[in-house]
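Trainee: Could you walk me through how to read pockets, sheets and domain contacts in a model like this one?

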Amino acid sequence: MVDLLITNARVFNSFLKVFEEKNITIKEGKFYYISSEDLTYLNPKKVLDANGKHLIPGFIDIHMHIESSMLPPASFSPLALSHGVTTIVADSHEIANVFGMEGILAFMEQETELDIYYAIPSSVPSTTPNQETTGGIIGLEEVKQLLNHPRVVALGEAMNFKGITSEPESLIRKILLETQKQKPMLPLEGHIPRVSGEDLAKFLFVGLTADHTHQSPESILEKISQGIFLEFQKKSITPENMSVINKYKLYEHMAIITDDIMADDFLLGHLNANVNAAISAGLPVEEAIYTATYTPARRIGFQDRGAIMPGYQADFILLDDLEEVVIHSVYKNGCLVSPNPPSFTFPPRFYHSVTCQPLTLEDLKFEINGDAICNVIKVEEVGTFTKHIQRIIKMKNGYLDWENSGLALIMVMERYGKNGQIGYGLVENALSKKGAIATTWAHDHHNLMVMGTSAADMVIAQNALLATQGGYLVSQDQIIKASCPLPIGGILSDLPANQVGEQLLRVREAMQDLGYKNTNEIMSFSTLSLPVSPKIKITDFGMMDVHTHAHIPLVERII
């Protein structure tokens with residue numbers, strides 16, 4: 001009758017939040033009968049003795065961006081499965097910013113053992129075409145088309161603060177209205193960083209019911225008390241935050257997610273790493289498992305996974321150790337997962353998408369007629385938020401002497417061949433040594449971004465990035481110290497996951513050697529160009545205030 005019988009397992013009961021000594025049968029890829037009785041009478045084709053191991057549902061990550069791993073779905077799948085992740089909901093707004101609908105459909109067409117569902121990218125671009133230039137745009141017609149796709153289960157994070165709070169005719173408001181009209185039961189995901197009071201009410205008023213951004217004890221209580229479902233990524237999994245969750249028993253109102261996972265970190269873990277982080281931060285083991293399996297399934301509307309029960313998909317993990325969630329093996333649809341990635345293809349033009357002009361030293365000279373008060377992006381060492389400050393920079397031979405200012409120059413070059421715009425800014429708390437960092441993996445528009453304390457290194461870094469058609473690299477002493485080529489749209493690699501991870505690790509180490517300090521150097525730099533993450537960021541249009549969208553000039557005034 002059954003395909004598999006698992007004996008001697010300590011099975012997690014999601015409804016009682018306890019482990020029970022059970023035998024499990026699996027039939028046609030689904031759990032069949034679960035009992036403490038001897039089930040050999042069901043004539044199993046195979047028997048697996050769990051030897052007392054803990055058995056839990058497969059992890060479900062309902063908010064993540066595959067592109068952050070710098071891998072396409074086919075390469076992403078086997079590594080995610082090895083970390084116990086059996087279902088994800090991907091918001092593929094990174095590939096959409098580069099290639100629009102063609103990029104999204106190219107992702108959806110790749111076959112994977114991992115179940116990949118999709119949230120419609122609602123903010124491509126994250127603000128407007130007047131604030132950042134992208135390769136693709138997801139408008140109302142594209143959203144209407146995607147709403148009918150069988151693998152779409154949510155509307156992805158709505159990010160345009162000004163469009164949501166004060167522009168009733170904005171594209172994001174029209175997308176929200178259309179989604180609610182066509183699919184009134186579809187979950188609507190929000191991007192609500194450091195928003196409170198009436199502004200928070202405005203986000204809820206348009207239908208947004210979840211937030212995954214950086215939380216504090218105060219924001220947790222304010223948002224959950226108003227019905228917002230919170231999705232905790234790594235930077236929000238802190239002892240202080242978990243203490244609030246435990247004190248008020250808020251487990252039903254939260255899920256553990258990844259949001260973004262860098263290629264080098266991905267080699268070490270995925271959602272399992274965040275589950276372990278939550279346990280270390282004080283979340284009870286049972287609640288950590290519950291909020292990485294059952295609550296995310298319920299939030300997104302899955303009716304066939306997230307628990308060990310008859311009729312549910314037989315996605316599960318056997319654990320060697322419960323306290324640290326050490327994975328022994330992972331099963332998908334009742335079968336041991338495969339370690340081999342399937343083959344994949346992309347259109348040839350996906351490999352030729354970076355069309356900037358080569359940078360020259362002349363592009364990095366700024367004529368002034370006196371010392372200048374300049375606007376500066378101050379980088380924080382934790383998370384991706386920034387501050388707007390001003391610094392005095394001296395004039396030297398008629399030019400702004402930024403190379404000797406103790407600051408780094410940052411520039412974003414439009415890379416899609418549309419307008420050739422270049423935005424300039426200055427950054428504090430970035431690099432303490434002479435060198436440069438360059439990338440096309442620049443949230444969310446993915447234009448070419450270079451930051452440096454040496455003009456010569458900035459030129460070398462940008463030119464090298466053009467040669468590889470995108471990626472991440474570091475130049476120091478006019479030598480390329482580390483490089484992670486990303487030739488697919490400037491954001492993805494076609495190399496095996498372990499090679500990509502090792503390349504990015506070398507880049508991270510080279511950034512650290514230049515003095516970059518952050519809990520996640522790669523994400524910190526890449527989000528300096530994200531104009532929806534407080535408080536001041538830069539695009540190819542220049543620096544801007546995230547909340548007001550006001551342009552901020554490089555030079556405020558001459559003194």
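Mentor: Sure. Let's settle one term: helices and strands here are DSSP runs, with at least four residues for a helix (H or I) and at least two for a strand (E), numbered from the N terminus. Also keep in mind that this is a predicted model.

Trainee: Good. Which domains does the assignment give for the protein chain?

Mentor: Domain 1 covers 58-305 and domain 2 covers 350-558. Their centres, taken over C-alpha atoms, are 26 Å apart.

Trainee: And how do I read the interface between them?

Mentor: The general idea is that an interface's size is often quoted as the accessible area lost when the parts come together. In this case, domain 1 and domain 2 bury about 3,800 Å² between them, with 67% of that on carbon and sulfur atoms. On the domain 1 side, M70, Q131 and T133 lose the most area to domain 2, together making up 20% of what that side buries. As for contacts, 41 residues of domain 1 touch 48 residues of domain 2.

Trainee: Now the empty space. How is that found?

Mentor: You roll a probe the size of a water molecule over the atoms, and that shows where empty space is left. Here, the largest pocket holds about 790 Å³.

Trainee: Where does the largest pocket lie relative to domain 1 and domain 2?

Mentor: Between them, because both domain 1 (58-305) and domain 2 (350-558) give residues to its lining. That lining has 42 residues, and Q233, K235, D260, N520 and M523 lie nearest the pocket's centre.

Trainee: Which helices each supply at least two residues of that lining?

Mentor: α2 (93-99), α11 (271-280) and α16 (521-526) do. The largest share, three residues, comes from α11. By class, the lining of the largest pocket splits into twelve nonpolar, 20 polar and ten charged residues.

Trainee: What is the volume of the second largest pocket?

Mentor: About 230 Å³. Its lining includes L361, K396, W402 and A455, and the classes come to six nonpolar, two polar and four charged residues.

Trainee: What about enclosed space? How many cavities of 30 Å³ or more does the structure hold?

Mentor: Three. The largest cavity has about 50 Å³ of space. Among the residues lining that cavity are M159, F161, H191, V532 and H547. Seven of the lining residues are nonpolar, two are polar and none is charged. Each of domain 1 and domain 2 gives at least three residues to this lining.

Trainee: Last topic: sheets. How do I read the strand order?

Mentor: Follow the pairing from one edge strand to the other. One open sheet has eight strands in the order β6-β7-β8-β9-β10-β11-β12-β13, paired in parallel. β6 (59-64) and β13 (254-256) each have a single partner strand, so one side of each is left without a neighbour in the sheet. Inside it, β10 (188-190) and β11 (210-211) run parallel and are joined by two bridges. One residue to look up is G190, whose bridge partner in β11 is D211.

Trainee: And which sheet has β27, β28 and β29?

Mentor: An open one of three strands, in the order β27-β28-β29, with antiparallel pairing. Its edges are β27 (536-539) and β29 (551-552), each pairing on one side only. β27 meets β28 (542-545) over four antiparallel bridges, and K537 has M544 in β28 as its bridge partner.

Terms used
Residues numbered from 1 in each chain as written. Predicted model: local features only at pLDDT ≥ 70, side-chain atom pairs only at ≥ 80, totals over all residues. Heavy atoms only, no water. 1 Å grid on protein atoms, 1.4 Å probe; cavity = no way out; pocket = protein on both sides within 12 Å on 5 of 7 lines; lining within 4 Å. Points joined across faces, edges and corners; volume = space filled by probe spheres on them. Nonpolar A, V, L, I, M, F, W, Y, C, P; charged D, E, K, R; others polar. Domains from an automatic or database assignment. Pairing = 2+ DSSP bridges. Contact = heavy atoms within 4.5 Å. Buried area = accessible area lost by both parts, 1.4 Å probe.
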